[in-house]
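Me: I would like a close look at a single part of this structure, namely the aromatic rings and the residues around them. Please take it slowly, as I am in my first year.

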Amino acid sequence: MMKEFPVFSIIVPFYNAEPYIEQCADSLFNQTLRDRVEWIFVNDASTDSSLERLSGVVEKQNNDCKSRIHIISHKNNLGVAEARKEGFEKSKGRYVMFCDADDWLELDACEILYGELMREESDVIVFDYVHEYKFYSCPAEEKISLSREALLKDIVSGRVSGSLCYRVIKADLLRKNNLILPVGSMIEDLIVCVQVMWLANSVRVINERLYHYRHNSNSTTHNTSEHKVMERYETYLKNIELLCVILKNRGKESECRDGIIMRKYMAKQILNPCLNKPGMRKKWLSTYPEINGLILKSELFPLKQKILYLMIRCRIHSVFPALKSLKARIGLS
């Protein structure tokens with residue numbers, strides 16, 4: 001079945017991942033099945049010592065391992081979506097996996113996945129992951145439906161992660177289909193994941209926690225400068241429109257209506273750190289204004305989101321940052 005080599009291509013885009021990339025690389029190079037793996041790292045114009053630290057880990061590997069490590073460097077920062085695309089175009093594996101540079105894999109991840117594929121070949125295998133916080137870890141508790149229709153709706157709504165990092169995907173599924181590609185680094189995984197889940201002839205879910213997802217407060221998505229917030233906001237809007245096109249092409253717009261409503265609300269939330277800036281309140285309210293009337297009426301929105309909406313409508317949202325700070329200090333969830 002899988003005599004060709006390599007079986008797995010693991011693609012790792014990185015940008016300024018200096019504190020974490022060594023742990024990530026160690027977890028990949030020390031796989032118990034590493035003789036069937038190639039690794040492709042895409043340096044997206046890092047300005048720190050990420051590349052040097054990665055190179056130091058590479059130098060410790062034997063020659064056989066080194067022959068399957070590929071490093072691509074960008075002159076300009078192009079974003080995660082473009083970095084992954086380029087890494088995939090260079091890959092030779094029959095199956096592809098994605099890993100973020102601040103995360104890591106269990107050392108037997110590839111061996112377990114290979115064993116599953118030997119037992120029953122599948123287009124996609126979905127596996128579990130662990131949330132890694134600064135002082136503690138906790139397993140993800142997603143209830144993944146075995147129904148393709150239900151799973152699609154859960155991925156669109158965010159009830160189940162749309163990350164590509166928790167899946168192993170047959171490479172031909174990506175190579176031989178004309179996928180709509182995302183832009184930038186906001187819900188870029190979701191755009192690809194929704195298409196992959198529909199194109200796959202066989203999808204399996206296994207109860208194995210193979211991936212460790214680090215909640216990194218220094219990541220670009222936590223940068224609250226107005227420029228960065230607006231950059232994320234514009235990218236998110238573009239990818240939501242792509243998501244709507246994908247669902248329309250599949251005739252799934254009405255089925256996924258609630259999920260699209262939640263994604264549109266998430267676009268508004270990106271603006272929250274800058275609500276006190278001139279014009280931001282108006283932009284918040286004018287972003288997908290068709291869902292404003294649903295926020296108070298629909299059970300999709302929890303109480304805290306209804307309260308925030310009322311505060312914005314009544315122009316008292318300036319106290320929202322203070323409430324968030326108080327909540328953090330007293331340890332409320």
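Reply: A residue is called buried when its relative accessible area is under 20%, exposed when that area is over 50%, and partly exposed in between. Please keep in mind throughout that this is a predicted model.

With those limits in hand, we can begin with Tyr133, which is partly exposed because its relative accessible area is 30%. Its ring partner is Tyr136, and the two form a stacked aromatic pair, with 4.8 Å from centre to centre and 20 degrees between the planes. Tyr136 is likewise partly exposed, since its relative accessible area is 48%. This pair belongs to a longer list, as a search of the whole structure finds 9 aromatic pairs.

A useful second example is the pair of Tyr265 and Phe301, which is edge-to-face, with 5.0 Å between the centres and 65 degrees between the planes. Tyr265 lies in helix H10 (residues 257-269), while Phe301 lies in the loop between helix H12 (292-297) and helix H13 (303-313), so the pair ties together parts that are 36 residues apart in sequence. Tyr265 counts as buried because its relative accessibility is 0%, and Phe301 counts as buried because its relative accessibility is 2%. The description does not stop at these two rings, for ring pairs link Tyr265, Trp284, Phe301 and Tyr309 into a cluster. One member of that cluster, Trp284, also has a charged neighbour: Lys268 lies over the face of Trp284, at 4.6 Å from the ring centre.

Returning to Tyr133, we can look at a residue that is distant along the chain, Arg214, which is found in strand E9 (residues 203-214). Although Arg214 and Tyr133 are 81 residues apart along the chain, their C-alpha atoms are separated by 6.2 Å. Arg214 counts as buried because its relative accessibility is 18%, a value under the 20% limit given at the start. Leaving aside residues up to four places away in sequence, Arg214 touches Tyr20, Gln23, Asp102, Asp103, Trp104 and Glu132. For one of these, Asp102, the contact can be described in more detail, since a polar atom of the Arg214 side chain lies 2.6 Å from the backbone oxygen of Asp102.

How values were computed: Residues numbered from 1 in each chain as written. Predicted model: local features only at pLDDT ≥ 70, side-chain atom pairs only at ≥ 80, totals over all residues. Heavy atoms only, no water. Phe/Tyr/Trp six-rings, centres within 6.5 Å; stacked < 30°, edge-to-face > 60°. Buried < 20%, exposed > 50% of the residue type's maximum accessible area, 1.4 Å probe, protein only. Helix = DSSP H or I, 4+ residues; strand = E, 2+ residues; numbered from the N terminus. Lys NZ or Arg CZ within 6 Å of the ring centre and 35° of its normal. Contact = heavy atoms within 4.5 Å. Polar contact = N/O pair within 3.5 Å; in protein donor to acceptor, adjacent residues only side chain to side chain.
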